[in-house]
Amino acid sequence: MADRLGNGLMPVLEGAREQVLPPLAVALEQLAWRLTFEYHDERSDQLLWQFHVVAEALVREQGEQHLMWLVSALNLRALYATECKQFERALELAAEAVRRGRALLDDPEGSTRLLGALNTLGVVLSYLGRHDAAVEAFGEVGRLADDTTDGSPPWSRSTGWRGNLAKELSMAGRHKEAATQFAQALAEARDRATRLPDTGRAELGTVLMMAGHSHLLTGRTVKAIALIEEGLPILRSLEAQRPGPHSRTLVRGLVMRATCALAQGDEATQMTVLDEAHRLCRRRAPHDPAIQLLLVDVLGMLYKLHTKRGEQRLALRAANGAVQLLLDQNGTDDGHRAQLLDALLTLDHAYADFHAPDRATATLETALALYEDGVRSPTYDELDRSDLLNRRGNRRAAAGDHSGGLADLTEAVRLRRAAAERDPAKQLRLALTLNDLANYELVDRPQRAVDTLEEALHILRAEHRRGTVSTYKLVGTLMNLASALRHAERPDKSLDVIEDALASWKPVASTSRQDQELLAMLWTCRAQTLYALNRTADTLHAADRALAVYERLTRDGHPPVDSATFGLALVRRGTAVLDLHSGDKEKLRDGAHTLLNALQLAARLGWQDLAAAALAALQEAGIEVTAGQPLPPHR
């Protein structure tokens, strides 16, 4: 229908315009509203523009008595831009709709369009974080609604404007006022749901979600869950009866319920509701650009949950899906490109966790191009060129481009050193980049890596005393320094540093996966240093301590986060067993089995250095491994 109307529009306008334009405006308004906000049709943007053209023609050729059509067209375009997260464009359109619509206050039908424009303006201001201004907009809707309309548009009813007003009062920190407004809105919505179930149930579901969101933002998770759980069955029922009109509100409610589950550490519930949201988005996304953007948010939450659970393949699939959705939309506005930048940064992390540094590097190339084109991240407030170079340097070096990685990291250090000189509060960011740079200086400039890490540690110790740096970060840097000292052929000093790190970490390490992983890495580093000192028995003891931690970590079936370090612990143990028990066949078999496990791990992950170390130890013990030889399962 929209195509036929669009194809026939210009011939009609060339005909009897004076008689045709008014009824055409009526038809276009109704059709634009239904396609955009009931059926979420992909042709909405074209149809809304056609409605705008007709409305402007009416006002220009037949006078201000047709102004309400122009206000309506501006408002509908603003709403559509909001749904597509084009907030600056939406603000411009909504403000113009309100400006023109103020002339309609004395016209009962026209004033309804003004209230709609004020409501849209409040919504856009909220998305832009201007909550005090949004309070004013929704407050004006409330003040005008009783005097100017019969309450038929949902935004002009108390349940509509009062719910929006309460949400913005909450966002503005005016929680007592918000609670009063929400209580009244909920009471009225429940009454309407009883008297007028066809329309009232939808209003009740929406107000419940808004109230739940308000409680969630203020940390009252239990209360938020109660309201959301009351609203979700209503919205599910409405969606089942008529797919489409309530899909967005239902998805947002499911996302809020997942956020509550995250706050309570309830991974099972979080996964259940995210899976439901994901399936709903997949069904509706082909018909609704706004649902596509909600799907990006759902995929982002799935990425975080899969990452937390150690499910790297699923995490990568979610992150890549979000980027592909945004690329397919090919949006050119700032909001869309900012969302794409954030999604690319997430995908970079996913590729890094999946040991695909070459793909992570390519992803960062796109992100850096967006940044240098003026796009800024809405999530990472302090993201700048040094951050992106820091990331890309790490990925390039890990992918084998050692010189390229060093060049990026050296430039990142230069930028951050200059920033720290201007603002001492940025010293910490400099220290973290120095730490990364030192990791790759180890290859051929170990003493320079030592100097770099000592500079980083000087900053980190000062920040740790102030309470701005965790013990985790400090201990991790001490471990890196111990490794650098060992590469610089100063193993005695390396051992002192790693003992300091272990003494600092063992008393404070929790049972969390991250903390235990660091403990295992420290024991592995100690084993490496003791091996360099030819203290074989102590090397075996340290390697066994590391592997005992890794064994606890892998009992749930997930691989360790840092599989390369796990492999090094296997190599050190296997080598030490072979060195200590050269005459004991059973022990030799045990040591060889451990080294073969390390070799199998290296082959699976593509770690050439680890494979070379395992092969060298096996060959030194007189054990030959040929290509294609079957390897035993992991120990």
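**Exercise 1. Find how much surface the protein exposes, and what share of it comes from carbon and sulfur atoms.**

Start with the total: about 29,100 Å² of the protein is exposed. Next, look at which atoms supply that area: carbon and sulfur account for 51% of it. Keep in mind that this is a predicted model. Now turn to the residues themselves: the protein has 635 of them, and 54% count as buried.

**Exercise 2. Work out how far you can lean on the prediction, using pLDDT.**

Take the average first: pLDDT comes to 85 over the protein. Then check the spread: 89% of the residues score at least 70. After that, look at the two ends. Residues 1–16 have a pLDDT below 50, and the model gives this stretch 17 contacts beyond near neighbours in sequence. Residues 627–635 also stay under 50, with 18 contacts beyond four places in sequence.

**Exercise 3. Describe the fold in terms of helices, strands and contacts.**

Count the elements: you'll get 28 helices and 0 strands. Then sort the contacts by distance along the chain. Taking those with a separation of 6 or more, 61% join residues 24 or more positions apart.

**Exercise 4. Locate the largest nonpolar core and say which residues touch the most other members.**

Step one is its size: this core holds 76 residues. Step two is the hubs: Val-251, Val-298 and Leu-388 touch the most other members. Step three is the main contributor: helix H14 (residues 289–308) gives the largest share, with 11 residues. Now zoom in on Val-251. Skipping its neighbours within four places in sequence, Val-251 is in contact with Leu-280, Cys-281, Ile-291, Leu-294 and Val-298. Finally, don't miss the second, separate core, which has 68 residues, among them Val-450, Leu-481 and Trp-505.

**Exercise 5. Decide whether Cys-260 and Cys-281 are buried or exposed, then look for disulfides.**

The cut-off you need is that buried means under 20% relative accessible area. Cys-260 has a value of 0%, so Cys-260 is buried. Cys-281 also comes out at 0%, so Cys-281 is buried too. As for disulfides, searching the whole structure turns up 0.

**Exercise 6. Place Ser-170 in its surroundings.**

First, find its element: Ser-170 sits in helix H8, which covers residues 158–171. Second, check its exposure: the relative accessibility of Ser-170 is 5%, so this residue counts as buried. Third, list what it touches. Leaving out residues up to four places away in sequence, Ser-170 meets His-175, Ala-178, Ser-214 and Thr-218.

Note on methods: Residues numbered from 1 in each chain as written. Predicted model: local features only at pLDDT ≥ 70, side-chain atom pairs only at ≥ 80, totals over all residues. Heavy atoms only, no water. Disulfide = S-S within 2.5 Å. Buried < 20%, exposed > 50% of the residue type's maximum accessible area, 1.4 Å probe, protein only. Helix = DSSP H or I, 4+ residues; strand = E, 2+ residues; numbered from the N terminus. Contact = heavy atoms within 4.5 Å. Areas by Shrake-Rupley, 256 points an atom, 1.4 Å probe, with all protein chains shown as cover. Core = buried A, V, L, I, M, F, W, Y, C linked by side-chain atoms within 4.5 Å. pLDDT = per-residue confidence, 0-100.
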